[in-house]
Amino acid sequence: MNIHEFGQENRECVLFLHASCTGWDFYEESVQRLSERYHVILPAMPGHDLTTNEDYTSVEQIAAELERWLLERGQAHVHGLYGLSMGGSVALCLLADNKITFDKAVIDAGITPYQLPWIVTRFIALRDFLMVELGKHSRKLLELAYPPEKYGAKSLDFMQQVMKHMSARTIWRVFDSCNNYAMPGPIPAVRTEIQYWYGSLEKKARAWDIGYVKKNFPETAFVEISGLDHAEYALLHPAELAGQMLAFLED
């Protein structure tokens, strides 16, 4: 897993974890703004890196690899953590593991593990797999999910490039793992100040995840971003996201 670093001259670190079906450099504007004050660590998730042919592994394995990487560099403590969607799953796993301590964490529409019968989770993963596998080959299907008048042709070109790079194995593992990753039971108390962000237009879709976080990370503050759907804050409003993240980190 390639790990990119920005603002290495800054003392305090922020770990930034991106969503599925996008590359690490989708978030470069937000990261550049954050890196003016922080050392930002931005992994290119397996299966999403155009420079390698590796497949996605799992939420747990990625979290473990990041823990090893940080500990080898003496970073047992990190000031800030941001994880979007799939990246939010990895962030929650890191918080529960408690091998790295964080002062502040933003889980932006993070996906939590389903507590459902095995066969039901297979059908959900299959549905999501087919949507992405078909969408990566069809611009029309992609534009139904991501309207070009909102996202712009350039962003859709890049998104489709990343999706085409994602193997069928990667796509399956992303959804299967994000929906079913293992968490310790009970989850130990964490001292991190956590915010869970979600768009007002995805509130119903995130109800399960919000409930899971309320139960297992009870001190979490919930922040609703008005007028936005899943991942739109990060993808469409990178400057505003960076500004809100900076305000939280420095509060």
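Colleague: In which helix does Thr121 lie?
Modeller: This is a predicted model. Outside the residues up to four places away in sequence, Thr121 touches Tyr114, Leu116 and Asn180. The residue itself lies in helix H4.

Colleague: Is Thr121 buried or exposed?
Modeller: The relative accessible area of Thr121 is 2%. The cut-off for burial is under 20%. Thr121 is therefore buried.

Colleague: How far apart in space are Thr121 and Glu133, C-alpha to C-alpha?
Modeller: Both residues belong to H4 and take part in its contact with H8. In sequence, Thr121 and Glu133 are twelve residues apart. From C-alpha to C-alpha, their separation in space is 18 Å.

Colleague: Are H4 and H8 oblique or parallel to each other?
Modeller: Helix H4 (residues 118-135) packs against H8 with the axes 9 Å apart and an angle of about 140 degrees. Angles over 145 degrees would count as roughly antiparallel, and 65 to 115 as roughly perpendicular. H4 and H8 are therefore oblique.

Colleague: How many nonpolar residues does the contact of H4 with H8 have?
Modeller: The crossing of these two helices is right-handed. On the H4 side the contact includes Ile124, Leu126 and Phe129, and on the H8 side it includes Ile171, Trp172 and Phe175. Three polar and four charged residues also take part, while the nonpolar residues number nine.

Colleague: What is the relative accessibility of Thr170?
Modeller: Thr170 has its place in helix H8 (residues 168-180). Leaving aside neighbours within four places in sequence, Thr170 is in contact with Gly47, His48, Glu54, Asp55 and Tyr56. Thr170 counts as buried because its relative accessibility is 0%.

Colleague: At roughly what angle do the axes of H2 and H3 cross?
Modeller: The two helices are oblique to each other, and H2 passes H3 in a right-handed crossing. The axes of H2 (residues 59-72) and H3 come within 9 Å, and the crossing angle is roughly 60 degrees.

Colleague: How many charged residues are in the contact of H2 with H3?
Modeller: From H2 the contact draws on Val59, Glu60, Ile62, Ala63, Leu66 and Glu67, which meet Ser89, Val90, Cys93, Leu94 and Asp97 of H3. Seven of the contact residues are nonpolar and one is polar, and the number of charged residues is three.

Colleague: Which strands does helix H3 lie across?
Modeller: Helix H3 (residues 86-97) runs at about 145 degrees to E4. Strand E4 (77-84) is one of those that H3 lies across, and the full set is E2, E4, E5 and E6.

Colleague: Which strands are the edge strands of the sheet?
Modeller: The sheet is open, has seven strands with mixed pairing, and follows the order E1-E3-E2-E4-E5-E6-E7. An edge strand here pairs on one side only, which singles out E1 (3-6) and E7 (221-225).

Colleague: Which residue is the bridge partner of Ile3 in E3?
Modeller: E1 and strand E3 (residues 39-43) run antiparallel and are joined by four bridges. Among the bridged residues of E3, the partner of Ile3 is Pro43.

Colleague: How many of the residues of E2 are buried?
Modeller: Cys13, Leu15 and Leu17 point one way from E2, Val14 and Phe16 point the other way, and all are buried. E2 is therefore largely enclosed by the rest of the structure, its buried residues numbering five of five.

Colleague: Do E2 and E3 run parallel or antiparallel?
Modeller: Val14 of E2 has Val40 as its bridge partner in E3. The two strands are joined by three bridges, and their direction is parallel.

Definitions and conventions. Residues numbered from 1 in each chain as written. Predicted model: local features only at pLDDT ≥ 70, side-chain atom pairs only at ≥ 80, totals over all residues. Heavy atoms only, no water. Pairing = 2+ DSSP bridges. Contact = heavy atoms within 4.5 Å. Axes fitted to C-alpha atoms, helices over the stretch in contact; angles between N-to-C directions. Parallel < 35°, antiparallel > 145°, perpendicular 65-115°, else oblique. Left-handed = near helix turned anticlockwise from the far one by under 90°. Nonpolar A, V, L, I, M, F, W, Y, C, P; charged D, E, K, R; others polar. Buried < 20%, exposed > 50% of the residue type's maximum accessible area, 1.4 Å probe, protein only.
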